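Notebook open, one structure on the screen. I want to go through backbone oddities, a pocket and the aromatic contacts.

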Amino acid sequence: MLIMSPLIAIMLFASTAVVAAEYPAPTERDFVLRNFRFTSGEVLPQLRIHCRTLGEPRRDAAGIVRNAVLILHGTTGSGAQFIRPEFAGELFGPGQLLDATRYFLILPDGIGHGKSSKPSDALHARFPRYGYLDMIEAQRRLLLEGLQVNHLRLLMGTSMGGMHTWLWGELHPDFMDALMPLASLPTQIAGRNRAWRRVVIDAIRNDPNWRGGDYAVQPPSLDVAAEIIWLMSSNPVLRQAQAPTLSAEDATLDSYVAEFRKTDDANDVLYALEASRDYDPGPALDSIRAPLVAVNSADDLVNPPELGILEREVTRVRGARAVVVPFSPQTHGHGSHTIATLWKSDLAQLLQESAAAGAAKP
């Protein structure tokens, strides 16, 4: 069931000064999955998945969609985060790499995010305990049942969406022609990446004002979540430039927290961070068959290059390659994943390299 609904953007992210190309306004839809069973065994009678699309699907003589591109967002974000100059303005316009007059672009809101079903709708902490595998299954059903898309020219994602991209390649290796995970590592969440998540999770769950998820007003622990996300999402050089004195930093952080509280909810943030518990692509990396280019940035505090994990693990995927964008005045730490000028040449190469392989698929 597809229902039209309004567009909102909820992702907080530092933008860059770029000139936006003209591209069509996205069309918005809701797809309702009936009696959706989660990996936890819980069942939701109606699971709503919201999505934005640009362009139209094109099928070959056999009825296979050949121009669909699925783009997946990060934790606490939504598909709206891509409708901005530094991403859509660089990719979706006429003659650009993902020209919306040539491609059918699909930007869903994951379970628990954006305008898809989430804890803050009504169920609060009684909402099913979803994980990444549940989110991917809902995306798959959105494509097949909601949009009648049976094949992807490209699947790409940022941060959490990048992690989903690795799993998609393993779970459904013939569904796509190419894969591009950004700002992610193909390994279980651990080390500092797990630690900052635990800080937020524990702050919310141990907050007496959380009240088991049934709070009347947002608990103070939501402020902790905002502060940690602000800390991890950019690089130290930019943060120092933005707030070069103690008073400037306090004012900057206070402003960020105040804006975060206007759009985010403690239960939604808690569930979104806990959802990564079932992410573990490592054991099945060699099952990925589609051409893959993984892109990280050298100043990413969430996925620091000094770990060497990306470079080591990508060798297990046949024909795949890893790109680490060097630190520069144009990079924004973890947030570099949405600044297309930093990596669109790698996307161009991936599309070119995968074109022949995709044409040969039945």
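Started with A183. Is A183 buried or exposed? I get a relative accessible area of 5%, and the cut-off for buried is under 20%, so A183 counts as buried. I'm working with a predicted model here, by the way. I looked up A183 for its backbone: phi is near 55°, a positive value in a residue that isn't glycine. As for where A183 sits, I found it in the loop between strand 7 (179-182) and helix 4 (191-205).

Next entry, Q148. Phi of Q148 is also positive, near 55°, and again the residue is not a glycine. I traced Q148 to the loop that runs between helix 2 (132-146) and strand 6 (154-158). How accessible is Q148? I read a relative accessible area of 42%; that falls between the 20% and 50% limits, so I put Q148 down as partly exposed.

On to the second largest pocket. I have its volume at about 220 Å³. Which residues lie nearest the centre of this pocket? They are L185, A190, N193, V302 and L307, out of 21 lining residues. I checked which element gives the most to the lining, and it's helix 4, with four residues. Sorting the lining by class, I noted 11 nonpolar, eight polar and two charged residues.

Then the aromatics. How many aromatic pairs does the structure hold? I logged 11. I picked F87 and W343 for a closer look: their ring centres are 5.9 Å apart and the planes meet at 55°. Planes from 30 to 60 degrees apart count as tilted, so that's what I called this pair. F87 belongs to the loop between strand 4 (68-72) and helix 1 (88-91), while W343 is in the loop between strand 9 (321-325) and helix 10 (344-360). The pair therefore ties together parts that are 256 residues apart in sequence.

I looked up accessibility for both partners too. F87 comes out at 0% relative accessibility, so I have it as buried. W343 is at 1%, so I entered W343 as buried as well. I also found that these two belong to one aromatic cluster, made up of Y23, F82, F87, F92 and W343.

Last entry, a charge over a ring. Which ring does the charged end of R239 sit over? I have it over the ring of W230, at 4.0 Å from the ring centre.

Note on methods. Residues are numbered from 1 along each chain as its sequence is written. This is a predicted model: local features need pLDDT of at least 70, side-chain atom pairs count only at pLDDT 80 or more; totals for chains, interfaces and linings use all residues. Side-chain values use heavy atoms; hydrogens and water are left out. Helices (H or I, at least four residues) and strands (E, at least two) are DSSP runs, numbered from the N terminus. Buried means under 20% relative accessible area, exposed over 50%, partly exposed in between (1.4 Å probe, protein chains only). On a 1 Å grid over the protein atoms alone, a cavity is a set of points where a 1.4 Å probe fits but cannot get out, and a pocket is an open set with protein on both sides within 12 Å along at least five of seven lines; lining residues have an atom within 4 Å of a point. Grid points are joined across faces, edges and corners, and a volume is the space filled by probe spheres set on the points. Ala, Val, Leu, Ile, Met, Phe, Trp, Tyr, Cys and Pro count as nonpolar, Asp, Glu, Lys and Arg as charged, and the others, Gly among them, as polar. Rings of Phe, Tyr and Trp (its six-membered ring) pair if their centres lie within 6.5 Å; planes under 30 degrees apart count as stacked, over 60 as edge-to-face and the rest as tilted. A charge sits over a ring if NZ of Lys or CZ of Arg is within 6 Å of the ring centre and within 35 degrees of the ring normal.
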